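Student: I should like to learn how to read a structure of this kind, moving from a single residue to the contact between chains. Could we go through it step by step?

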Amino acid sequence: MTVLAEPQAERTRRTRRSLTFSIGLILVGLHLAVALLTLVWTPYDPTGMAGGRLEAPSWAHPAGTDRLGRDLFTQIMIGSRIALVVGAGAVAIAAAIGVTLGVLAAFATRYLDDALAATFDILIAFPTLLLAMLVVAATGNASLLSAILALGIAISAIVARLTRILVKRVLAMDYITAARTAGSSWPSIVFRHVLPNIWPTLSVNFALQFGLAVIAEASLSYLGLGAPPPNASWGRLLQEAQGTVYTAPFGAVAPGLALVSLVIGMNLLADGLRDIGDPTRRRAR
Amino acid sequence: MASIVLFVLLRLLPGDPANALVSVGADPAQIEAARRQVGSDLPLAQQFLQFLTSLARLDLGTSFVSRTSVLQEILARLAVTVPLTLLSFMLAVLIAVPLGILSAVKAERWFGALISVISQLGIAIPVFWVGILLVTLFAVNLRLFPSGGFPPQGWAAPFEALRALFLPIVTIAVVMSASLLRYVRSATQDVLGSDYLRTARALGSGFAEALIRHGIRNGAVPVVSILGIELATTLLGAVVVERVFTLPGLGSMLLLAIEQRDYPNIQGVLFISTLLVLLIGFFADLAQRWIDPRLREKLGNIRR
């Protein structure tokens, strides 16, 4: 293959980018549609017996049945809802805490800023999952809410660190000096100049963190620290599938595929957002 | 610094640690006695001071539940976690570095693109799912490796120990190499676009020669810092893989301690892992300076 000429290479790169964004949108949209659908309709009663125990996949049960004879496909569909709720909730909490702390650190006096920055760094050295485990342990018994809270708090350190760096970069700009000279108060600088400027980068990061939160929630549930049984989290489905791996080895495939498709969708969406959010590119269009 | 964060985090856990000692429905006098035993009736500052002095002596206390020394237990479990982490890490590097360089150099070819797509897949896959699938394939269907557990004799039975660790190592290495690969790839891309490589080529060295002589040393610096972070993450993240394969490592100790509210054990595991993470970071820094002499000169202002 010959080396492509510069403009053409740029064009293929851009079409590839918009393609990844579309695929991401479709994958996430599909999960969202399924999640909304489960609110009004599911193929089977999620908690009732729908067939024999540990049936292999068939037309009636596309993903098979679990050890209590419940339809796995129904549970996986409900899993979409739980994953989206946990992901959105965790990212919302992380955004609220993280952006606030990050902005505060960037505006604070040097010592406070250093202390906050060091704290973010140390917290980031611990994997999200480990911090979340500690928060779940702290909130006592595991529930859907404690999982959301735990992941939100764990991710907020990452958001805070990123926000602090981004805000500092913006604060060094001439237009901030100009706004200050013009007498703008610092809340007005934050809301009118800083946040709009860092939003594109932040939103890309939120999409990535959403995917990571979905994985972390599944891991929490897998470890038995996530939402308790009536909630069909993918992680718990996988944990149950591992328990019956000798009699029904197929049970671990479908929930994992569902999980991976949502996370990939989110990652692709983040890639696409990075492109759209880039103002220089927006102007060119 | 790290110990302060640790202490605050642990004290944020509601519920008195003494609760782990007394049975449900204990009367206030019993609870008071337990609090005195644990030391949670003392003022916070004094608790913290005690916490610091015992850490300095490496005395991590005794477990509430099993009444054994926390440090002894941790050392026994590190014998599983450390080999698991290091071997997976080495395997991941062996996979990621050649493939990452290849995918950057041959980005225009189909396999370059394929490697990128696979690594994109790799970062979206939870490690425990890979583990379960490998168990299904190699332990259940092919019966080549055990589906979990560790020989009770430990490393006294080296062959069985390695066999027990094989699937966990592959599991971690597969997931880790996917994310490592992306960093190696982008570092290589930076090298490929650099002026010094063009200069070397202009001076007549071959492409492979230029890449090996000038590229690897330059590209390695950012990759080494990522390697350090990844190694630390693997060490701390081993908890999930250890659960999948029911390995008696540090992670499963932490999980059990959290379930049992065994505070000395939680504290001990976190303290030792923080220590190891800081050590890894330190060595990654040293390695970077060894690779890049320029970093040695600005000793003062290096921040990871």
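Tutor: Certainly; note that this is a predicted model. Let us begin with one residue and its contacts. Leaving aside neighbours within four places in sequence, B:Ser147 is in contact with B:Val135, B:Ala139 and B:Val140.

Student: Where in chain B is B:Ser147 found?

Tutor: B:Ser147 lies in the loop that runs between helix H6 (127-141) and helix H7 (158-192) of chain B. B:Pro168 is 21 residues from B:Ser147 in sequence, and their C-alpha atoms are 9.6 Å apart in space.

Student: Why is B:Ser147 classed as buried?

Tutor: The criterion is 20 or more other C-beta atoms within 10 Å. B:Ser147 has 21 such atoms within 10 Å, and therefore counts as buried.

Student: How many helices and strands does chain B have?

Tutor: Chain B has twelve helices and zero strands. Of its 304 residues, 37% count as buried. Among contacts in chain B between residues at least 6 apart in sequence, 67% join residues at least 24 apart.

Student: Why is helix H10 of chain B described as largely enclosed by the rest of the structure?

Tutor: Helix H10 (residues 250-260) of chain B is so described because eight of its eleven residues are buried. Among them are B:Leu250, B:Met253, B:Leu254 and B:Ile258. After H10(B) comes B:Arg261, with a positive phi near 55°.

Student: How should one read a nonpolar core, and which residues touch the most other members of the largest one?

Tutor: In soluble globular proteins, nonpolar side chains tend to be buried together. Here the largest nonpolar core has 151 residues, of which A:Ala132, A:Leu151 and A:Ala213 touch the most other members. The most is given to this core by helix H2 (residues 72-107) of chain A, with 18 residues. Not counting residues up to four places away in sequence, A:Ala213 touches A:Val86, A:Gly87, A:Ala90, A:Val91, A:Leu151 and A:Ile155.

Student: How many residues of chain A are in contact with chain B?

Tutor: The size of an interface is often given as the accessible area lost when the parts come together. Here one may count residues instead: 33 of chain A are in contact with 32 of chain B. On the side of chain A that touches chain B, helix H3 (110-125), helix H4 (128-138), helix H7 (186-222), helix H8 (234-243) and helix H9 (253-277) each supply at least two residues. By class, that side has 26 nonpolar, seven polar and no charged residues.

How values were computed. Residues numbered from 1 in each chain as written. Chains lettered and ligands numbered in written order. Predicted model: local features only at pLDDT ≥ 70, side-chain atom pairs only at ≥ 80, totals over all residues. Helix = DSSP H or I, 4+ residues; strand = E, 2+ residues; numbered from the N terminus. Buried ≥ 20, exposed ≤ 12 C-beta atoms within 10 Å, placed from the backbone. Contact = placed C-beta atoms within 7 Å. Core = buried A, V, L, I, M, F, W, Y, C linked by C-beta atoms within 7 Å. Nonpolar A, V, L, I, M, F, W, Y, C, P; charged D, E, K, R; others polar.
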